[in-house]
Amino acid sequence: MPVQLLKTVKEQSEIPLPSHLQNEDLKHLQEGCDHTNKYIQGIVVLSYPLTKLRDGTDFFKIVLQGLDDLCSRMNSINILIYGKMAEDCAKIIRHGDTFIVAGFKVIKSPTAREDGRHGCHLEVSEEAGSDIYSIAPKYVYTPLNQLKDGTIVNLYGVVKFFKPPYVSKGTDYCSVVTLVDPSNVKLTCTLFNGNPDSLPKIYKVGDIVRFHRIKIREFNGQMQGITSGGFASLTFDGTVGAPLVPRTSSKMYTFMDEEHKRIEELRVWAASNISISGPAAKLSSVQPMLFFDLTCQLVGKAQVDGSSFLLKVWDGTKCPYPTWRVPVEAKDVEGEKALLHQLRNLTVDILVYDNHVQLAKSLKIGSFLRIYSIHTKQASADNEDFSHIEFHLHGGTCYGRGIGVLPENNPDVKELKAFLGSVDLADSQNMESMSSVELDGTFSDFTDFESYLQRCQQLSVTVLTDHQHLNNTELKTIMNSTAPQQYRIRAKLRTYKPQKLHQSVKLHCSKCNSLQEVPDGDEFDFILQRSAVTAPNPELHNTSWYDSVMWTTQDQKQREIAIHFVRHDELLQQPENTLLMIEGGTLKEVLKLTKRFKCVIPVRSTEDDLELLDLSAPFLLQGNVKYYGCKQCSAPKPIKNLSSIAAEQQPSWEPTEIAQVLGIELLQYVFIMKFTLVDGTGALNAYLFDYEKFFQIPASEILTSNFLQEKMQMTMNMLCPPGRKLGDLPWLECFIKSYNVRDATKHRVCYQIFDTTVAEDVV
DNA sequence: CCTTAGGGTTGG
């Protein structure tokens, strides 16, 4: 019998199978039975490279999978092909092909135990009179550069642009998808379906789709794809290495090795050929006057009027600007009341218009959304001296404007969920306690967001306070030079440490140059408790320079508290000008006193004098600031030395002066940060060592002020906006100096920023 | 009903 090797049969019905041949199920295949009038059919799931046997015969092995039970390994069988037939098959047969063979020998498989396949294998060769029919896979995928008008094709593509399904003006939902493939040809497809679930589940640019039965037409001189009857799609995450899970509404679809390979290839191609958008923006990094995509959770929704609808959403981060509140009565907002209240400082109002209203109405509270191309608009109401920003999803679908619902298993949703779960709601409530007056005040100085954006792109967000005559030096040059030197640079802040800004505050001793962490309140409390064990010594009360008051607490502990008010000119002064010393108070009591009096010094009694507490505690509290002394360098002097300041004409009670008379080496609060600066020629880490000049925020006050912390966070967000690509980061002009650091084994050069400050219109 | 949209931001 002649060899039949069919290359281009598209449908199985076209195979000219001899009528005497009957299909044999793999299950019934046995060694020794007569199979002369039987054929075996299956799909090629594996093929091995063509090899030669020792006698020079060509040999080709494939694995065939039976059709009835695609999952079972038992249902697969090894086919060994010999001679010319092996050579021919190796050229033509590919994974996924349907393969029919008749005239085979059934041999007990020696490898069945290892490979778990059928107990027999088939041997096939011209000499044995075998017939092989190979049917190319049913689906042929057309590259985008080979599309022809009027055809219905299957294709793969990487999503370059898309509009999530929206309500069209006709009867269907519509989604517009632009694909590209390695042929570098673009194809825009307009897809319709009455059920949005039947449209491709694309969540981001870079996703990969497989379309079956899409109709190609020419429109305006370009090829265009349109849904035809039977259109079906699979969508995959386009990230190299991400799990290959097709997203589809079809219950039946073929997806085998061949498709896996195809997706992986496209992923690799896309990685270097598609500009994938950076990490999605969070509310904490939104910029006014821009458009952005937001991944968020729906907390509340409300009808506003006929053409607009309100969505209240959160993503766990706080928008650094005051945001608008769409005036809607609370009772008209659908959503969980308690949650709406609890999250009120983290949710933002997004007003959606026109064609988006219908879809917005149908959204379920609690669902995860990606809202595409939200417009952050700066409110420009006249006669208002403060700005807020508004979030609009304007009507229409330009630039993919729309709303997509993300499924719970979406990786971005999983990440968001985890993040939302970790948000400390108490924190955001504290921020709310910051008065609105304070907030409004901040932003009155920051009226023109647009000019900020412009200056980010051209000018610098930092300015030099000296040395303007110097020219810029490239980072590469600096890194190749010896230290110490000083340079003017122009660079971008790629990242900085610590990211938690409160961790950047340290205490610095200018005498011994040591740095230490700021002690926390608990430690102070503990020291106060310990010192309260010693009762105030009455003999030390009411001296020539202070008046003493003493009382016993009413609680069970019956603590004795003594307060010594330092006199000036023989008189007590107004509380706000008064320095007092306290013995036996708790942390709470001490802090309360600092609110009313100018200075508070915690002390304890010894036999013959008052003395300062352990220097792990602040030796002085003034306003919100706790002043510490260096344990190493301080040599405490008698408390009585304070009387010399009290005797001044107008005691200013400056911490430095108090420290000096008490023999305390004052520790200074500093910001210590590491800036990673880049300028296209190189990157270097430079330390910022700043008391208050750079941020124009005193390091000493930031730890006790939510307001200042917010302000500093905003400043950092402007110097290094989160979620932005390097090219979009603003420029910083800085002075840096290099210096040598040597220890026993190593020598390295470090850099420090100096004489630089954040530009006035940025803070 | 056999269309709808056919990519390229902003009115509220």
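This is a short talk on one strand, one DNA-facing surface and one helix in a predicted model.

Okay, hi everyone. Keep in mind as we go that this is a predicted model.

Let's start with strand β19, residues 348-353. Six of its six residues are buried, so the strand is largely enclosed by the rest of the structure. Look at where the side chains go: Val348, Ile350 and Val352 point one way, while Asp349, Leu351 and Tyr353 point the other way. That's the textbook pattern, because in a regular strand the side chains alternate between the two faces of the sheet. And both sets are buried here, Asp349 included.

So what does β19 pair with? Strand β17, residues 308-314, runs antiparallel to β19, and six bridges join the two. If you want a spot to click on, serine 308 stands opposite tyrosine 353 of β19. Then there's strand β21, residues 389-393, which runs parallel to β19 with three bridges between them. In that pairing, leucine 351 has histidine 392 of β21 as its bridge partner.

Next up, the DNA. Which residues come closest to DNA strand B? Those are Lys163, Gln224, Asp354, Ser373 and His375, out of 30 residues that surround the strand. Of the DNA strand B atoms that come within 4 Å of the protein, sugar and phosphate account for 38%.

A few polar contacts, for those of you who like distances. Lysine 163 puts a side-chain N or O atom 2.6 Å from a phosphate oxygen of DNA strand B. Glutamine 224 goes for a base instead: a side-chain N or O atom sits 2.8 Å from a base nitrogen. Threonine 178 also has a polar side-chain atom 2.9 Å from a base nitrogen of that DNA strand.

As for who builds this surface, β10, β12, β13, β14 and β20 each supply at least two residues. By type, the surface residues come out as 10 nonpolar, 11 polar and nine charged.

Last stop, helix α12, residues 587-596. Its buried residues are Leu587, Val590, Leu593 and Thr594. Looking down the helix axis, these fall within an arc of 130 degrees, so they line one face of α12. Flip to the other side and you get Lys588, Lys592, Lys595 and Arg596, which are exposed.

And what do the buried residues of α12 pack against? One helix, α11, plus the strands β28, β29, β30 and β32.

That's my tour. Over to you.

Key:
Residues are numbered from 1 along each chain as its sequence is written. Chains are lettered from A and ligands numbered from 1 in the order in which they are written. This is a predicted model: local features need pLDDT of at least 70, side-chain atom pairs count only at pLDDT 80 or more; totals for chains, interfaces and linings use all residues. Side-chain values use heavy atoms; hydrogens and water are left out. Buried means under 20% relative accessible area, exposed over 50%, partly exposed in between (1.4 Å probe, protein chains only). Helices (H or I, at least four residues) and strands (E, at least two) are DSSP runs, numbered from the N terminus. Two strands pair if DSSP finds at least two bridges between them. A residue is near a molecule or strand if one of its heavy atoms lies within 4 Å of it. A polar contact is a pair of N or O atoms within 3.5 Å; within protein, one must be able to donate a hydrogen and the other to accept it, and residues adjacent in sequence count only if both atoms are side-chain atoms. Ala, Val, Leu, Ile, Met, Phe, Trp, Tyr, Cys and Pro count as nonpolar, Asp, Glu, Lys and Arg as charged, and the others, Gly among them, as polar. The arc is that of the directions from the helix axis to the C-beta atoms. Contact means heavy atoms within 4.5 Å.
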